[in-house]
Amino acid sequence: MMDKTAPDLPCLLPVRMVAACLGAPTANPQHRLGAHGAPPVLESNALHDPATGHPWAVSVTRQLGRSGVLLTYEGHGHGSVTSGPCMQDAVDSYLTDLTVPPRGTICPAQRP
């Protein structure tokens with residue numbers, strides 16, 4: 001059914017996994033983050049991520065306050081950290097030096 005509804009999505013597994021969990025009880029319900037005074041936190045998220053929507057990343061960044069920096073990939077897919085040099089360089093700089101890109105940095109989509 002999903003393959004007929006959205007044939008252009010490269011992988012519907014994340015959608016199926018999320019749908020399977022809807023309504024399931026959880027021992028760790030969502031809550032607002034408490035990260036006051038945390039060192040820089042880099043988030044990376046694709047605009048068209050079928051598993052973790054971009055609005056969620058924006059919300060987490062807001063909750064992190066001054067510590068949060070969102071790096072946005074203009075493409076699709078989940079796990080966009082290796083999607084081209086813009087993403088890779090920014091993440092590598094963060095992991096090696098805790099250097100975050102300027103707020104609002106957007107990396108262009110890469111052709112497969």
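**Exercise 1. Find what the buried residues of helix 4 pack against, then work out how they are arranged on the helix.**

Start with the packing partners: the buried residues of helix 4 sit against strand 1 (41–48), strand 2 (68–76) and strand 3 (106–107). Keep in mind throughout that this is a predicted model.

Step 1. Get the dimensions. Helix 4 covers residues 85–97, 13 residues in total. From first C-alpha to last it reaches 17 Å, close to the 18 Å expected at 1.5 Å a residue.

Step 2. Pick out the buried positions. In helix 4 these are M87, A90, V91 and Y94.

Step 3. Look down the axis. The buried residues of helix 4 fall within an arc of 90°, so they line one face of the helix.

Step 4. Check the other side. There you'll find T96 and D97, which are exposed.

**Exercise 2. Follow the chain past the end of helix 4 and say what is unusual about the backbone of L98.**

Step 1. Place the residue. L98 comes just after helix 4, in the loop between helix 4 and strand 3.

Step 2. Read the backbone angle. The phi of L98 is positive, about 60°, even though L98 is not a glycine.

Step 3. Set that against the usual pattern. Most residues other than glycine have a negative phi.

Step 4. Check the accessibility. Taking partly exposed as the range between 20% and 50%, L98 belongs there with its relative accessible area of 46%.

Step 5. Compare with the end of helix 3. Just after that helix, G65 also has a positive phi, of about 65°.

**Exercise 3. Work out the layout of the sheet: which strands pair, in what order, and in which direction?**

Step 1. List the elements. The protein chain has 4 helices and 3 strands, running α-α-β-α-β-α-β from the N terminus.

Step 2. Order the strands. They form an open sheet of 3 strands in the order 1-2-3, with parallel pairing. Strand 1 and strand 3 are the edges, each pairing on one side only.

Step 3. Count the bridges. Strand 1 and strand 2 run parallel and are joined by 7 bridges, while 2 bridges join strand 2 to strand 3, again running parallel.

Step 4. Put residues to the pairing. S44 stands opposite L71 in strand 2, and Y73 has C107 of strand 3 as its bridge partner.

Step 5. Ask how enclosed strand 2 is. Of its 9 residues, 7 are buried, so strand 2 is largely enclosed by the rest of the structure.

**Exercise 4. Describe how helix 3 sits on the sheet.**

Step 1. Orient the helix. Helix 3 (residues 54–64) lies across strand 1 and strand 2, and runs at about 160° to strand 1.

Step 2. List its buried residues: H54, A57, T61, Q63 and L64.

Step 3. Find their cover. Strand 1 and strand 2 are among the elements that cover these buried residues of helix 3.

**Exercise 5. Take L42 and trace its surroundings.**

Step 1. Place it. L42 is in strand 1.

Step 2. Decide whether it is buried. The cut-off is under 20% relative accessible area, and L42 is at 14%, so L42 counts as buried.

Step 3. List the contacts. Leaving out residues up to four places away in sequence, L42 touches V69, L71, A90, V91, Y94, V100 and P101.

Step 4. Tie this back to helix 4. A90, V91 and Y94 in that list are also among the buried residues of helix 4.

Step 5. Look along the chain. T99 is 57 residues away from L42 in sequence, yet their C-alpha atoms are separated by 8.9 Å.

**Exercise 6. Do the same for A35, then step back to the whole chain.**

Step 1. Locate A35. It lies in the loop between helix 2 (13–21) and strand 1.

Step 2. Judge the burial. A35 has 18% relative accessibility, so A35 counts as buried.

Step 3. Name its partners. Apart from neighbours within four places in sequence, A35 is in contact with L64 and S67. A35 and S67 are 32 residues apart in sequence and 7.7 Å apart in space, C-alpha to C-alpha.

Step 4. Zoom out to contacts. In the protein chain, residues 24 or more positions apart account for 66% of the contacts with a separation of 6 or more.

Step 5. Finish with burial and surface. Buried residues make up 30% of the 112 residues. The accessible surface is about 8,000 Å², with 60% of it belonging to carbon and sulfur atoms.

Conventions. Residues numbered from 1 in each chain as written. Predicted model: local features only at pLDDT ≥ 70, side-chain atom pairs only at ≥ 80, totals over all residues. Heavy atoms only, no water. Expected span 1.5 Å × (residues − 1). Buried < 20%, exposed > 50% of the residue type's maximum accessible area, 1.4 Å probe, protein only. Arc of directions from axis to C-beta. Contact = heavy atoms within 4.5 Å. Areas by Shrake-Rupley, 256 points an atom, 1.4 Å probe, with all protein chains shown as cover. Pairing = 2+ DSSP bridges. Axes fitted to C-alpha atoms, helices over the stretch in contact; angles between N-to-C directions.
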